[in-house]
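Colleague: Before I rely on the labels attached to this structure, I would like to hear the reasoning behind them. Could you take me through it with some care?

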Amino acid sequence: MAFKNVLMRTVAIATLLAPIGCTSATDSAQPSAAEQPATQQQAEAPPTEAELESAEAEWRKRQDEVNQVLSSMDRATFIGGSPTKGNPDAEVVVVKFSDFECLFCAVAAGHMKDFVEERGEEVLYVYKHLPLTSIHPEAVPSSKASWAAAQQDQFWLYHTGLFANQERLGDELYVELAEQMGLDMEQFERDRNSDAAQAAIDADLALAGQLKLRGTPSFLIGGLLIPPGVPPESFGELLDNLKAAQPAQSAE
């Protein structure tokens, strides 16, 4: 469909021009944009048409793999017990795979807060854990702490606190945030150290593995894979394109 072609081209271009995000040390063959000197990034020539076509073909292949995974499960199974915001009945589901120790995820969290405030009636926003343990030692402990906060219906406030204090990630912060929020501390400690917390994170990691996600933040918008590098500020436009295409899709 035409709109999918346009979006896939947009994704391919953004991936080439702005490969920004965190990637696991075992998956990163090339240094990320964050690891390259700014002068090197600025000096790189724009991608050629051949490079764009190659990137587009690669991303179409990745999208086909994602489609196979999504078609193997229903919506409820895909969302599972993950934290959500927005409209539970919205047609478009926006999923973020994220790591609390990833600097780019923190920036994206701010943009997603604005996006959901503006477009929350049109989307269901879902948070999935993708801790990159090879480069982020506090990725799993912070995810477990946020899961414990979610058991007391305070995931999103706790999530904001973690991203706002990334430089302090550790047990002291996890307890401090929980106390400031008035959580039941006995339950919080029990939950964050539980097998259930690990199982919830493992489930998200397994899904990310099926989708072959290699970095954070990674997004799915209405089933379309959006890699690190596509700015969340553009999600409103992507959503408009998806919604505009829905009547055409149903008519086919």
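Modeller: Axes here are lines fitted to C-alpha atoms, for helices over the stretch in contact, and the angle between their N-to-C directions runs from 0 to 180 degrees. Please keep in mind that this is a predicted model. Helix α6, residues 139–150, and helix α7, residues 155–164, pack with their axes 8 Å apart and at an angle of about 150°.

Colleague: What makes α6 and α7 roughly antiparallel to each other?

Modeller: The angle between them is about 150°, and an angle over 145 degrees counts as roughly antiparallel, therefore α6 and α7 are given that description. Their crossing, in addition, is right-handed. On the side of α6 the contact is made by Ser142, Ala145, Ser146, Ala149 and Ala150, and on the side of α7 by Phe155, Tyr158 and Leu162. Sorted by class, this contact has 6 nonpolar and 2 polar residues, with no charged residues.

Colleague: Why is α7 described as largely enclosed by the rest of the structure?

Modeller: Buried means under 20% relative accessible area, and 7 of the 10 residues of α7 are buried, so the helix is described as largely enclosed by the rest of the structure. The buried residues are Phe155, Trp156, Tyr158, His159, Gly161, Leu162 and Phe163.

Colleague: Why is the pair of Phe100 and Phe163 called tilted?

Modeller: Rings pair if their centres lie within 6.5 Å, and planes that are neither under 30 degrees nor over 60 degrees apart count as tilted. The ring centres of Phe100 and Phe163 are 5.0 Å apart with the planes at 45°, so the pair is tilted. Phe100 lies in the loop between β3 (92–98) and α5 (103–119), while Phe163 lies in helix α7, so the pair ties together parts that are 63 residues apart in sequence.

Colleague: How do you know that Phe100 is buried, and that Phe163 is buried?

Modeller: The limit for buried is under 20%; Phe100 has a relative accessible area of 0% and is therefore buried, and Phe163, at 9%, counts as buried too. Phe100 and Phe163 also belong to one aromatic cluster with Tyr125, Tyr127, Phe155 and Trp156.

Colleague: What makes the pair of Phe115 and Phe235 edge-to-face?

Modeller: The planes of Phe115 and Phe235 are at 85°, with 6.3 Å centre to centre, and planes over 60 degrees apart count as edge-to-face. Phe115 lies in helix α5 and Phe235 in helix α11 (residues 235–251), so this pair ties together parts that are 120 residues apart in sequence. Both Phe115 and Phe235 are buried.

Colleague: Why does Asp153 count as exposed, and why does Lys212 count as partly exposed?

Modeller: Exposed means over 50% relative accessible area, and partly exposed lies between that limit and the 20% limit for buried. Asp153 is at 70% and so counts as exposed, whereas Lys212 is at 40% and so counts as partly exposed. Asp153 lies in the loop between α6 and α7, and Lys212 is found in the loop between α10 (195–211) and β5.

Colleague: What is notable about the backbone in this model?

Modeller: Most residues other than glycine have a negative phi, and most peptide bonds are trans. Asp153 has a positive phi near 60°, and Lys212, which is not a glycine either, has a positive phi of about 60°. The peptide bond from Thr216 to Pro217 is cis, with omega near -5°, and Pro217 is found in the loop between β5 (215–216) and β6 (218–221).

Technical notes: Residues are numbered from 1 along each chain as its sequence is written. This is a predicted model: local features need pLDDT of at least 70, side-chain atom pairs count only at pLDDT 80 or more; totals for chains, interfaces and linings use all residues. Side-chain values use heavy atoms; hydrogens and water are left out. Helices (H or I, at least four residues) and strands (E, at least two) are DSSP runs, numbered from the N terminus. Angles under 35 degrees count as roughly parallel, over 145 as roughly antiparallel, 65 to 115 as roughly perpendicular and the rest as oblique. A crossing is left-handed if the near helix is turned anticlockwise from the far one by less than a right angle, and right-handed if clockwise. Contact means heavy atoms within 4.5 Å. Ala, Val, Leu, Ile, Met, Phe, Trp, Tyr, Cys and Pro count as nonpolar, Asp, Glu, Lys and Arg as charged, and the others, Gly among them, as polar. Rings of Phe, Tyr and Trp (its six-membered ring) pair if their centres lie within 6.5 Å; planes under 30 degrees apart count as stacked, over 60 as edge-to-face and the rest as tilted. Buried means under 20% relative accessible area, exposed over 50%, partly exposed in between (1.4 Å probe, protein chains only).
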